Amino acid sequence: MPLPTWQFEQILRTYDRTRQKNHALHLKRQEEVYQNIPEIKEIDRQITSRSIQTGRQLLFQKDEQALHQLHLDNLELSMQKVELLVSNGYAPDYLSPIYDCPICKDTGYIDGEKCACLKKAIIHQVYHQSNIQEKLKEENFQTFSYEYYANTPMHPNLPSPRQNMISIVEKCMDFIQTFHTNPGQNILFQGDVGVGKTFLTNCIAKELIDETCTVIYLTSFQLVEILENHRFHRNDTPDSLYTMDYILTCDLLIIDDLGTELLNDLVTSQLFLCINERLLGKKSTIISTNLSLSELTDAYSERIVSRITENYLICKIYGDDIRIKKSFTN
């Protein structure tokens, strides 16, 4: 989904401010040069006068020769300006229009298509609103390592923790690669504390944000607070960063540590609403939890767990506590 209209308009307003800033700087430079090199002011007056005169002439009769001559005259006058600038210690392009992005001239668009600078601005905004901007600098597939997962089986008839994680990462890669062509995919990461559930979730989030997908990361506590605020009409204004509508319609919603929040009937019903609405809208959700499916059923309701088992790829991660391992190696 694209950014909400109000957020996209915020980005476009920064382009307006950039153009105004650069135009003011251009006028300031022009005034400075006119004072120091009056000849350039006269040249600009001649260019303007000749352009107006030829323009009026072309209104009544198309004259390619007159247009060509105007181009040659203005080119000669422009070269004179450059020579005067350089001889007086200025850069040859000192009076050229100023742009932060010369490609789109600070409009954000090239022939109706988004310029690379606008796409970058959108990605920056998506990173900001994802709620995990700083985390993703350290937790991504470039920093992911299998070395913390043992290569020997922990349980009979089960792959080793490393083999299991290799298989799960392959599934995550497929999730990313087919995200646009197969909308509405969902993942449930299960496992004990410290086995890498959140890290792997962040890896997926970064890949999708870099493709300008809208991603929101929320702990279960944060999600419950937003659901309750919405239910009681608190802080759910159109310009709020996480409105209920945005939580239901963002490309990927991440719910981390499900099962650690305080539960009541209201929370359970609102959580079901969130999960169910996103399923109906074919919007992807990733949930991480320390609880087993039976524990989730006891904590929430059978209808929530049934939605998850029917519509989520369930990935069980197991192994040693990576945080403890890292503490011994650091």
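**Exercise 1.** Is E42 buried, partly exposed or exposed, and what is its relative accessible area? Characterise its salt bridge with R45 as well.

*Solution.*
Step 1. The model is predicted. In it, E42 has a relative accessible area of 34%. Buried residues fall under 20% and exposed ones over 50%, so E42 is classed as partly exposed.
Step 2. The partner, R45, is also assigned to the partly exposed class, its relative accessible area being 47%.
Step 3. A salt bridge joins the side chains of E42 and R45, with an N to O distance of 2.7 Å.
Step 4. Both residues belong to helix 2 (residues 38–60), where a spacing of three residues places them about one helical turn apart.

**Exercise 2.** Determine which parts of the chain are tied together by the salt bridge of K81 and D44, and classify both residues by accessibility.

*Solution.*
Step 1. The side chains of K81 and D44 form a salt bridge of 2.8 Å, taken from N to O.
Step 2. K81 is located in helix 3 (residues 64–87) and D44 in helix 2; the pair therefore ties together parts 37 residues apart in sequence.
Step 3. With a relative accessibility of 16%, K81 is buried. D44, at 14%, is buried as well.

**Exercise 3.** Carry out the analysis for the salt bridge of D73 and R50.

*Solution.*
Step 1. The N to O distance between these side chains is 3.9 Å, which satisfies the criterion of within 4 Å.
Step 2. Since D73 lies in helix 3 and R50 in helix 2, this pair ties together parts that are 23 residues apart in sequence.
Step 3. D73 is partly exposed at 21% relative accessible area; R50 is likewise partly exposed, at 33%.
Step 4. The total count of salt bridges in the model is seven, including the pairs E42 and R45, K81 and D44, and D73 and R50.

**Exercise 4.** Locate Q185 and describe its surroundings.

*Solution.*
Step 1. Q185 occupies the loop between helix 6 (161–177) and strand 3 (186–190).
Step 2. The relative accessibility of Q185 is 15%, so this residue counts as buried.
Step 3. A polar contact of 3.0 Å links the side chains of Q185 and T178.
Step 4. A polar atom of the Q185 side chain also lies 3.1 Å from the backbone oxygen of N182.
Step 5. Leaving aside residues up to four places away in sequence, Q185 touches F175, T178, F179, S284 and T285. T178 thus appears both in this list and as the polar partner of Q185.

Notes: Residues numbered from 1 in each chain as written. Predicted model: local features only at pLDDT ≥ 70, side-chain atom pairs only at ≥ 80, totals over all residues. Heavy atoms only, no water. Helix = DSSP H or I, 4+ residues; strand = E, 2+ residues; numbered from the N terminus. Buried < 20%, exposed > 50% of the residue type's maximum accessible area, 1.4 Å probe, protein only. Polar contact = N/O pair within 3.5 Å; in protein donor to acceptor, adjacent residues only side chain to side chain. Contact = heavy atoms within 4.5 Å.
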